[in-house]
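Subject: Structure for you to look over

Dear colleague,

I am handing over the structure below, and I would be grateful if you could read through my notes with it open beside you. What I found in it follows.

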Amino acid sequence: MSTVLAVAPTDFKRWADHLDRLFADSGKNGQPLFSPFERLPDSASPERRQQFVQSLGTAVRQPGWMRAWHVEDAAGRMVAHLDLCGLKIPAENHRMTLGIGCEPAVRRRGIGAALMQHAIAFATDHGIEWIDLFVFDDNAAAIALYERFGFVEAGRRQDRFRLMGKSVDDVTMTLRVPRTI
């Protein structure tokens, strides 16, 4: 089992480097698509750093909050992440959006499952009732992981993106967080 570590504001550069690697592999060499951007965005820009730091410092269940965790390889490099984000509208503070990514070298090792367990525990501990996520329809491994944890398809936007010369459906999945007794 992999150790899940909290991401701190000082981790921004390592976080951005990890995301850059995920973007670089997106849809290449048989890898599933990770992002709707075909070109790598400027993930380390000062604006992104400011947003990252600000959202990590916002109280949970306040508009714009984020919490994030990561898993490191033996060399101490971030190789997987989980981010949980609150929505901007206060009336939606009972929900959060999940983002997750594992670099190709560490996939199929239980890291995604460990991160999903962490997300559900966080939601339970903070009284969050729903977890939402978005996944591309061709990412069968990710969809299977989410379904294993009880996520169900809540919607599908057909042909939402045109990436690498093909049509890609965007699937919305959701989980009603189990209440503890």
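The expected span of a helix is 1.5 Å times one less than its number of residues. For the 15 residues of α3 this gives 21 Å, and the end C-alpha atoms of α3 are 21 Å apart, so the expected and the computed span agree. Please keep in mind throughout that this is a predicted model.

Helix α3 and its surroundings

Buried residues in α3 are Ile111, Gly112, Ala113, Ala114, Leu115, Met116, Ala119, Ile120, Phe122 and Ala123. Their cover includes the strands β2, β3, β4, β5 (130-136) and β7 (166-176), together with the helix α4 (140-148). Just after α3 comes Gly127, which takes a positive phi of about 65°.

Gly127 is also one of the residues touched by Arg61, the others being Asn93, His94, His126 and Ile128, if residues up to four places away in sequence are not counted. Arg61 itself belongs to the loop between α2 (46-57) and β2, and with a relative accessible area of 24% it is partly exposed. A polar atom of the Arg61 side chain lies 3.3 Å from the backbone oxygen of His126. Between Arg61 and Asn93 the C-alpha atoms are 5.1 Å apart in space, although 32 residues separate the two in sequence.

The sheet

Seven strands make up an open sheet of mixed pairing, in the order β1-β2-β3-β4-β5-β7-β6. Its edge strands are β1 and β6 (152-163), each of which pairs on one side only. As background, strands of a sheet pair through backbone hydrogen bonds, either parallel or antiparallel.

Beginning at the β1 edge, strand β1 (residues 5-6) pairs with β2 in the antiparallel sense over two bridges, and Leu5 stands opposite His70 in β2. On to β3, the pairing of β2 is again antiparallel and runs over seven bridges, with Met78 in β3 as the bridge partner of Glu72. These two strands, β2 and β3, form a hairpin with five residues between them, and Gly76 in the turn has a positive phi of about 85°. β3 is in turn joined to β4 by six bridges, the two strands running antiparallel, and here His81 stands opposite Gly101 in β4.

How enclosed is β2 by the rest of the structure? Six of its seven residues are buried, so β2 is largely enclosed. Helix α1 lies across β2, β3 and β4, and runs at about 105° to β3.

Salt bridges

The structure holds 13 salt bridges, and I would draw your attention to a network of them that links Arg21, Asp73, Arg77 and Glu103. Within this network, Arg21 pairs with Glu103, their closest N and O atoms being 2.9 Å apart. Because Arg21 lies in helix α1 (residues 12-25) and Glu103 in the loop between β4 (95-102) and α3 (111-125), this pair ties together parts that are 82 residues apart in sequence. The two partners differ in their accessibility class: Arg21 counts as partly exposed, at 22% relative accessibility, whereas Glu103 counts as buried, at 6%.

Arg77 also meets Glu103 through its side chain in a salt bridge, at 3.5 Å from N to O. Since Arg77 lies in the loop between β2 (66-72) and β3 (78-85), and Glu103 in the loop between β4 and α3, this second pair ties together parts that are 26 residues apart in sequence. A further salt bridge, likewise at 3.5 Å from N to O, joins the side chains of Arg77 and Asp73. Arg77 is partly exposed, with a relative accessible area of 38%, and Asp73 is partly exposed too, with a relative accessible area of 26%.

When you open the model, I suggest looking at Glu103 among the places to begin, as it has salt bridges to both Arg21 and Arg77, and then at α3 with the elements that cover its buried residues.

With best wishes

Terms used. Residues numbered from 1 in each chain as written. Predicted model: local features only at pLDDT ≥ 70, side-chain atom pairs only at ≥ 80, totals over all residues. Heavy atoms only, no water. Salt bridge = Lys/Arg side-chain N within 4 Å of Asp/Glu carboxyl O. Helix = DSSP H or I, 4+ residues; strand = E, 2+ residues; numbered from the N terminus. Buried < 20%, exposed > 50% of the residue type's maximum accessible area, 1.4 Å probe, protein only. Pairing = 2+ DSSP bridges. Contact = heavy atoms within 4.5 Å. Axes fitted to C-alpha atoms, helices over the stretch in contact; angles between N-to-C directions. Polar contact = N/O pair within 3.5 Å; in protein donor to acceptor, adjacent residues only side chain to side chain.
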